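Open the model in your viewer and keep the selection box ready. Each stop tells you what to select next and what is there.

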Amino acid sequence: FFKRFFFREPVISNRISFGACCIDDIFFKLVGADTSFHYGHSCLVPIIKCLVPISYIFLEIYFDQSFLVEILKKNFGKAESSLNFLSTIQFISCFKKIENELIFYFKKIKIPQNKPLSPGETLGCTSPSLWNSKNIVYIGDGRFHLESCMIESPNSRFFQYNPFSHLLFVTEFSIKEFLEERKFILLKSIINQKNFCFITGALGRQGDANIFKKIKEIFKIKKFKFFSIFSTEISIDKLDILGFKKIDIFIQIACPRLSYDWGKIFNFPLLTSFEVSVLFGFTVLNNTRYSMDYFSNSGGFWTTYIKPKKKFFF
Ligand code: SF4
């Protein structure tokens, strides 16, 4: 197609693209591409930030929405005050139809939004906050994105509708266990505050320069030294080799879920930017929830799009 219509040789990147943040514009710049196409995810990284113009090609997965509408009518009485819908980007085009069909049946239908994500969209690290909501229906298979919503709004009631199996079920997440695990790792880090290593993710745009700058400033204020590397991968072996006798704590600026989902299996504390701000007293740890606002326009100062306030830099 490219050769025929554009008389150009296309380059296809075989580098892994895990999420919306893995935009490989740096690679395309290096291979001399004039433009690039990113297939299958949302346009999370602003086009103007990319080194090569990016065109996002969205992927929509169609499923039988009328079946879901009927299931919801059967399982939730009219008296249920509201239904909230969340999903991954591939399913969000169904929300309008579902809303139109259910608006006269239930009192309130909500499609919450955490900008710059689309209405109803959730990422593994960023979700709309639905504190104390009674009914949140997540559309999609798997638990990765769903857990992000449940960590952000742990006192809400969640349902998952799997469009492939057509099943609707109640789903839970033990926030108590999650918080205990992360607090234990933070405690270990407080005791061992000696040698730190920053790992900036080199996979697409995972390793954000703005976050790096802010954490570096915390270290300057606290007069701590650190060692810094770039890496496309954060694995047990890599941390073991790097950490052997030299590093006590790793701080990753890549994907927060690497720490939250795999934290237990690493032999060293692997902290996120949020946890660093807790560790050094710049943020108070909430006893009931963890922030899932990594790419939010209204996140904490440890997040990607938030510029530090002047007074933060003394
Ligand atoms: S940081 Fe992780 S969870 Fe967030 S978009 Fe990237 S891959 Fe997904």
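**Stop 1: helix 4**

Select helix 4 of this predicted model, residues 95-102. What do its buried residues pack against? Add helix 3 (65-75), strand 3 (82-87), strand 4 (108-110) and strand 5 (136-139) to the view; these are the packing partners.

Now colour F95, I98, E99 and L102, which are the buried residues of helix 4. Look down the helix axis. These buried residues fall within an arc of 100°, so they line one face of the helix. The general rule helps here: an α-helix has 3.6 residues a turn, so residues three or four places apart point the same way.

**Stop 2: helix 5**

Move on to helix 5, residues 144-152. How many of its 9 residues are buried? The count is 7, so helix 5 is mostly covered: buried here means under 20% relative accessible area. Select L146, E147, S148, C149, M150, I151 and E152 to see the buried ones.

Next, show what covers them. The cover includes strand 3, strand 5, strand 6 (158-162) and strand 7 (167-171). Helix 6 (175-191) and helix 9 (256-262) are also part of that cover.

**Stop 3: the ligand**

Select the ligand and show its surroundings. Around the ligand you find G19, A20, C21, G124, C125 and F144. Q206, A254, C255, P256 and F295 complete the list. Colour this shell by residue type: 8 are nonpolar, 3 are polar and none is charged.

**Stop 4: the nonpolar cores**

Keep F295 selected. F295 is also one of the residues with the most contacts inside the largest nonpolar core, which has 37 residues. Add the others with the most contacts: L44, I215, F219, I251, L271 and Y290. Which elements each supply at least two residues of this core? They include helix 6, strand 8 (196-201) and helix 7 (209-222). Strand 10 (249-253) and helix 10 (273-279) do so as well.

Then select another core, of 21 residues, which lies apart from the largest one. Among its residues are F63, L68, L72 and F91.

Return to F219 and show its contacts, leaving out neighbours within four places in sequence. F219 is in contact with F196, F198, F224 and K225. It also contacts F226, I251, V276 and F280.

**Stop 5: aromatic pairs**

Display the rings. The structure holds 29 aromatic pairs. Start with F178 and Y260: their ring centres are 5.6 Å apart and their planes are at 85°, so this pair is edge-to-face. F178 lies in helix 6 and Y260 in helix 9, so the pair ties together parts that are 82 residues apart in sequence. Are these two residues buried or exposed? Both F178 and Y260 are buried.

Now pick F198 and F219. This aromatic pair is edge-to-face too, with 5.1 Å centre to centre and 85° between the planes. F198 belongs to strand 8 and F219 to helix 7, so the pair ties together parts that are 21 residues apart in sequence. Both F198 and F219 are buried.

Select the aromatic cluster next. It is formed by F173, F178, Y260, F274, F282, Y290, F301 and W302.

**Stop 6: S273**

Keep W302 in view and add S273, which is found in helix 10. S273 counts as buried, at 4% relative accessibility. S273 and W302 are 29 residues apart along the chain, but their C-alpha atoms are separated by 5.4 Å. Not counting residues up to four places away in sequence, S273 touches I211, I215, Q252, Y294 and W302.

**Stop 7: the loops**

Finish with backbone angles. Most residues other than glycine have a negative phi, and most peptide bonds are trans.

- Zoom to P116, in the loop between strand 4 and strand 5. The peptide bond from K115 to P116 is cis, with omega near 10°.
- Go to H166, in the loop between strand 6 and strand 7. Its phi is positive, near 65°. H166 is partly exposed, with a relative accessible area of 32%.
- End at K223, in the loop between helix 7 and strand 9 (226-231). K223 has a positive phi of about 60°. K223 is exposed, with a relative accessible area of 75%.

Note on methods:
Residues numbered from 1 in each chain as written. Predicted model: local features only at pLDDT ≥ 70, side-chain atom pairs only at ≥ 80, totals over all residues. Heavy atoms only, no water. Buried < 20%, exposed > 50% of the residue type's maximum accessible area, 1.4 Å probe, protein only. Helix = DSSP H or I, 4+ residues; strand = E, 2+ residues; numbered from the N terminus. Arc of directions from axis to C-beta. Contact = heavy atoms within 4.5 Å. Near = heavy atom within 4 Å. Nonpolar A, V, L, I, M, F, W, Y, C, P; charged D, E, K, R; others polar. Core = buried A, V, L, I, M, F, W, Y, C linked by side-chain atoms within 4.5 Å. Phe/Tyr/Trp six-rings, centres within 6.5 Å; stacked < 30°, edge-to-face > 60°.
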